[in-house]
Amino acid sequence: MAAGTNFEVPAEVGNLILQKTLDASGLMNLTNVEYISDKRDRVEYDLSLNDAKFHNPTTTDKTVDPDGISALEVNLYDLYIIKTVPDYTLDAASSVIDALKTSIPLKLAETLQKSVFGSAAIASSPFKGFGTATAIDTTDPDALAALADSVDGVPTGWLINRQAKADLNKAYNSGANSNALRDGVADGDLVAGVPAYFTSLTPAPTTLAGVVGDWTQSVLVIDRNLTFDVVDSSTSYTMMLGDTAAIKCKMRVGFAVGNANAFKAFSKKAA
């Protein structure tokens, strides 16, 4: 089907998919985010957050004090998803585009959010994760608070396995803690005074329940240029046999942590 090779996804659709992907990821509410629009394969990001300095050459000696630049090097990697559709649907581009706008963003966002835990959550993740998980009683508010207090710095957020929600409800919906969280804990609710966001991790909470940390010590780098590639029956023998077409959506992302001790991964202590 030669017509299929002319299928193109409009730039505005790519921008919409990218924005939906980012909006769907609670990670965006926690970490620093750096956007790029070029083809660099690595980015240097300054986590120092120092104030700029004034220099008055008439009253002070003319020395330069750069005060050090604590730049974090972030490598970028391709995150992609392939959607297979019947070959003939490429003639009706609008229906294919609608499918892209609804099915791709949530899967990209879910994968991106899980990938920061490293290969423990996504086998292909290139990121280091947050170290060995500490086993705690996830139904005990004191244990959760103690974990947050053990972070090197001031904790700014939790990223928690959705499977652990029931334990958090037990922790914060009994006795003196009954008003701390609603029955259905949601993204943005406070856990030990720190906002929490949830992600669908494949490992059980007894293996990986989440992480708490000072997210100012991390950065997510995102290339604004989403790309699409289309392979149909006119260009692929395999596709020709199945009368199918494949649409590949790719985004370039990077994630890095400046201070590993600023994060504490945790798991659910076995009963």
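Strand β2, residues 42–46 of this predicted model, has two faces: Val-43 and Tyr-45 make up the covered one, while Arg-42, Glu-44 and Asp-46 make up the uncovered one. Its partner is strand β3 (residues 71–75), and the two run antiparallel, with 5 bridges between them. Tyr-45, on the covered face of β2, has Leu-72 as its bridge partner in β3.

Strand β13 is worth following next. Residues 263–268 make up this strand, and β5 pairs with it in the parallel sense over 3 bridges. In that pairing, Thr-134 stands opposite Phe-266. β13 also pairs with β9, this time antiparallel, through 4 bridges. Here Val-211 is the residue opposite Ala-265.

Now for helix α3, which spans residues 141–149. Which of its residues are buried? Pro-141, Ala-143, Leu-144, Leu-147 and Ala-148 are. Looking down the helix axis, you find these buried residues within an arc of 165 degrees, so they line one face of α3. The general geometry fits that picture: an α-helix has 3.6 residues a turn, so residues three or four places apart point the same way. Asp-142 and Asp-149 sit on the other side of α3 and are exposed. The cover over the buried residues of α3 includes the strands β5, β6, β7, β9 and β13, along with helix α4 (165–172). That brings back β13, the strand that pairs with both β5 and β9. At the start of α3, Asp-140 has a side-chain oxygen that comes within 2.9 Å of the backbone nitrogen of Asp-142.

On to the rings: the structure holds 8 aromatic pairs. One of them is Phe-130 with Trp-215, an edge-to-face pair. Phe-130 is in the loop between α2 and β5, and Trp-215 is in the loop between β9 and β10, so this pair ties together parts 85 residues apart in sequence. Both of these residues are buried. Another pair is Trp-158 with Phe-266; their planes are at 90 degrees, so this one is edge-to-face too. It links strand β6, home of Trp-158, to strand β13, home of Phe-266, across 108 residues. Trp-158 is buried at a relative accessible area of 0%, and Phe-266 is buried at 2%.

Here are the ring geometries, pairs and charges together:

| Partners | Arrangement | Distance |
|---|---|---|
| Phe-130 and Trp-215 | edge-to-face, 70 degrees between the planes | 5.8 Å centre to centre |
| Trp-158 and Phe-266 | edge-to-face, planes at 90 degrees | 5.6 Å between ring centres |
| Arg-224 and Tyr-35 | Arg-224 over the face of Tyr-35 | 4.1 Å from the ring centre |
| Lys-248 and Tyr-80 | charged end of Lys-248 over the ring of Tyr-80 | 4.6 Å from the ring centre |

Phe-130 and Trp-215 also belong to one aromatic cluster, together with Tyr-77, Phe-117, Phe-127, Phe-255 and Phe-263.

Last stop, Val-116. Where does Val-116 lie? You'll find Val-116 in the loop between α2 and β5, the loop that also holds Phe-130. Is Val-116 buried or exposed? With 1% relative accessibility, Val-116 counts as buried. Setting aside neighbours within four places in sequence, its contacts are Leu-27, Phe-127, Gly-129, Phe-130, Leu-159 and Phe-255. Among these, Phe-127, Phe-130 and Phe-255 are members of the aromatic cluster. Lys-128 is 12 residues from Val-116 in sequence, and their C-alpha atoms are 7.5 Å apart in space.

Definitions and conventions: Residues are numbered from 1 along each chain as its sequence is written. This is a predicted model: local features need pLDDT of at least 70, side-chain atom pairs count only at pLDDT 80 or more; totals for chains, interfaces and linings use all residues. Side-chain values use heavy atoms; hydrogens and water are left out. Buried means under 20% relative accessible area, exposed over 50%, partly exposed in between (1.4 Å probe, protein chains only). The arc is that of the directions from the helix axis to the C-beta atoms. Contact means heavy atoms within 4.5 Å. A polar contact is a pair of N or O atoms within 3.5 Å; within protein, one must be able to donate a hydrogen and the other to accept it, and residues adjacent in sequence count only if both atoms are side-chain atoms. Two strands pair if DSSP finds at least two bridges between them. Rings of Phe, Tyr and Trp (its six-membered ring) pair if their centres lie within 6.5 Å; planes under 30 degrees apart count as stacked, over 60 as edge-to-face and the rest as tilted. A charge sits over a ring if NZ of Lys or CZ of Arg is within 6 Å of the ring centre and within 35 degrees of the ring normal.
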